[in-house]
Amino acid sequence: MNKTETQHEEIRIIIIGASRSGKSTAANVLLGKNIFQVSADTRQRSHMTCQFGMTKTEHGYVKVLDTPDLQAPKLREESKVREEIQKWKTMCPDAHLILLAIRCDSHDLDADVMRFNKFRRLWGDNLRRRLVVLFTFGDKLQKDIDELLARSHPTLQDIMDCAGHRYVIFDSSLGASKQDGRVHQVFNFVSELRHGFNVLIIGKSKSGKSNLGNYLLNTTAFSVSRGPTSSTTHTVTRSAEIDGVAITVTDTPDLRNLGIVKTSTEEEIKKWYAFHPDIILLAIRCDVCYSAEEHQMYQQIKKVLGEKYFTSILIVAFTFGDRLGKNIDEELKTVCSELKDVLKEAGHRYIVFSNEDPVQDRKKQFMRLRAFAFNEGAPFECNESRSESTIPIKPTVQGASETLHGDMLQPLKTVKVFTCQTDFQSRVSAQSYVETSYYQVTSVCIVVLEALDDEDYNLVLFGKTGSGKSSLGNTLVGNNVFKVEQGMKSGTIKSKWSQATIDGVKLKITDLPGLSDTHLSEEFIIREIARGTALVSPGPHVAIFVIAGGRKEALSNAIKNAPDSIQLILKEVGYRYIAIENSASEKDKKQQRDEALQAIRSLYRKNQGKYYAIPKEIDRLIEKAVEDKVKAQRCTMYEAAQNLRQEIAADKQPELVTEVEKEAKRRRWKCEIM
């Protein structure tokens, strides 16, 4: 908006507050001239009726209504107060701004709060889009304003929430230029509230926050990472004008990536007040299970910003909607209880965003958000129909100092695999995942045994939910034997097993669920550990830790910039990694499979065909089950072992899994809730 247009605008402002709160002085400052009478005698009674002033300023035609104290004797009856407020609406129709004057040295904040609550109750609609707190007598401020707000009357925080934490301080002791700066701040609030709205995007790394910001602004305003590292390391704000409406979007970093202590994290969250969000969008991926890390971050932000304020402007933004495998309403019926609680707290407001949305749909999404921002309390329209995360469960073992049998191999024989997709999954803390993974449990007691003479590889795939383990398994065996499910719950709930012969190489693959992500009870997870242990018997030759990465061609650069946690595990495995792009053509997939098999073969031979063995007590249970099957089916040991694994994977050996589970409990395997 240019200066000529501004000068022809009419700006209407109402100032409310207690007697002697500096309302008339503030009105004169805004008008740039002494229109309202101000008495220096504190014993003189303030005006008991409305006062109206108007003048032309550089900001346009400014009309200011100075109002009487709603706690005045003549306004004790509610009917009188209602009539008074109606008079204000008549004299200053559709006010652009309502300034609530509160003295910085107020000795009766209780009365200020009661006064405002009476006004809020009788004013009616859409106060949040008009209200700004005006702290007067700034020269009497004894402490920093943030400290005052932090330690002041608890209900004052409710007022600040209602005002979207917009406030300005008037100080008569300031020089002319600084005082003009405060006046400009008021009129900037007018422009912001009249012509646009502010959106704050929160969520974990790789949840699509930056993509969502670009979607809303209809331009590439935010940098989008193409690797395992996050591109948003600090708060970034960008603006645009769409169909005459200004929108300002603030993209926030994943709090876990800031590398700061808890108190500093809280301070970082409090800074978000300054962006005056009309909407907070919580970015959650459609194609990945809602994780405990996300829920913990959500709870922390809600606590710091205040539940009432936070949830009143919260909308859940489901990203990567093009990967949604079913109708969103059907999908939401199956999500975890934590995500259902989030949706409930958000008033069941949500939108599904897809980068493949046509222009018409993008405009509808924008209008939904605009309608919510400009009409407080109006019903929110969720998406039209489109074609339980978990508390993290950490499997650990007590008594890890048990005697190890045989010669212990080097740290985890792991080939690190980045599964490449069109977009990246969330940033993974590799070290923390290894500490909470299934494999950490099974490798407590390690025995070195000789492998078969021919190339027969026993592989185990592990990683976070949604990292692409099942897709990798399908790529390795050259067939869709592992179910791949896109959605907000884990596709791999139970351990799966399959085998195949590729170019003369026998592969036996155990696909483990992301036990730290899926919504599983402690009893279930212990049993699943037992099932996985039985399937991987007598032990894996190679353990493949799967992390979702980016496009294959961008991987080298992404690894260079990977976080310390990923660099650490890469160092521990001797920088062994391969790239598999699950969306590649069949020809490229075959080439990638050959590269993966070469890496597996190389590591297998380096370790002379030895593998990590499961605890001997469990191995005896499996051996006995195999021997029984040989006798019953009159088959070879190899055939019996393969048949047994297939039955375990198909839940047809519940008694055996129960025996393994008992041994696991005897060895004090347990789940700890983080």
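Here a trainee and a mentor talk through a predicted model, one question at a time.

Trainee: Let's start with the open sheet of six strands: what is the order of its strands?

Mentor: Good place to begin! The pairing in this sheet is mixed, and its edge strands, strand 2 and strand 6 (167-169), each pair on one side only. Neighbouring strands are turned by 25 degrees against each other on average, direction ignored. Read across the open sheet, the order is 2-3-1-4-5-6.

Trainee: In which sense does strand 3 pair with strand 1, and in which sense with strand 2?

Mentor: Take the two partners in turn. Strand 1 and strand 3 are joined over six bridges; along strand 3, tyrosine 61 faces glutamate 10 and aspartate 66 faces isoleucine 15. Strand 2 and strand 3 form a hairpin with two residues between them, and glycine 53 stands opposite valine 64 there. The pairing with strand 1 is parallel, while the seven bridges with strand 2 are antiparallel.

Trainee: Is strand 3 largely enclosed by the rest of the structure or largely open, and why?

Mentor: Here we count residues, and a residue is buried when its relative accessible area is under 20%. Six of the seven residues of strand 3 are buried, so the strand is largely enclosed.

Trainee: Now helix 2 (residues 23-31): how many of its nine residues are buried?

Mentor: You can list them from the structure: Lys23, Ser24, Ala26, Ala27, Asn28, Leu30 and Leu31. Helix 2 is largely enclosed by the rest of the structure because the buried residues number seven of the nine.

Trainee: Which elements do those buried residues of helix 2 pack against?

Mentor: Helix 2 packs on the sheet, and its direction makes about 165 degrees with that of strand 1. Just after helix 2, glycine 32 takes a positive phi of about 80 degrees. The buried residues of helix 2 pack against strand 1 (10-17), strand 2 (51-57), strand 3 (60-66), strand 4 (97-103), strand 5 (131-136) and helix 7 (176-195).

Trainee: How do helix 3 (residues 78-91) and helix 4 (residues 109-123) pack, and at what angle?

Mentor: Their axes are 10 Å apart, and the angle is about 70 degrees. That angle makes helix 3 roughly perpendicular to helix 4, and the crossing is right-handed. Glu78, Val81, Arg82, Ile85, Trp88 and Lys89 in helix 3 meet Lys118, Phe119, Arg121, Leu122 and Trp123 in helix 4. By type, this contact holds six nonpolar, no polar and five charged residues, and the packing angle is about 70 degrees.

Trainee: And what are the types of the residues where helix 22 meets helix 23?

Mentor: Helix 22 (residues 616-633) and helix 23 (residues 637-649) pack at about 110 degrees, their axes 9 Å apart, which means that helix 22 is roughly perpendicular to helix 23. The crossing is right-handed. Ile622, Ala625, Val626, Lys629, Val630 and Gln633 in helix 22 touch Met637, Ala640, Ala641, Asn643, Leu644 and Glu647 in helix 23. Those residues divide into eight nonpolar, two polar and two charged.

Trainee: Last one: which residues does serine 537 contact beyond its neighbours within four places in sequence?

Mentor: Serine 537 lies in the loop between helix 18 (522-536) and strand 19 (542-548). Serine 537 counts as buried because its relative accessibility is 4%. Leaving aside those sequence neighbours, its contacts are Asn458, Ile614, Asp619, Ile622 and Arg645.

Terms used:
Residues are numbered from 1 along each chain as its sequence is written. This is a predicted model: local features need pLDDT of at least 70, side-chain atom pairs count only at pLDDT 80 or more; totals for chains, interfaces and linings use all residues. Side-chain values use heavy atoms; hydrogens and water are left out. Axes are lines fitted to C-alpha atoms, for helices over the stretch in contact, and angles run from 0 to 180 degrees between N-to-C directions. Helices (H or I, at least four residues) and strands (E, at least two) are DSSP runs, numbered from the N terminus. Angles under 35 degrees count as roughly parallel, over 145 as roughly antiparallel, 65 to 115 as roughly perpendicular and the rest as oblique. A crossing is left-handed if the near helix is turned anticlockwise from the far one by less than a right angle, and right-handed if clockwise. Contact means heavy atoms within 4.5 Å. Ala, Val, Leu, Ile, Met, Phe, Trp, Tyr, Cys and Pro count as nonpolar, Asp, Glu, Lys and Arg as charged, and the others, Gly among them, as polar. Buried means under 20% relative accessible area, exposed over 50%, partly exposed in between (1.4 Å probe, protein chains only). Two strands pair if DSSP finds at least two bridges between them.
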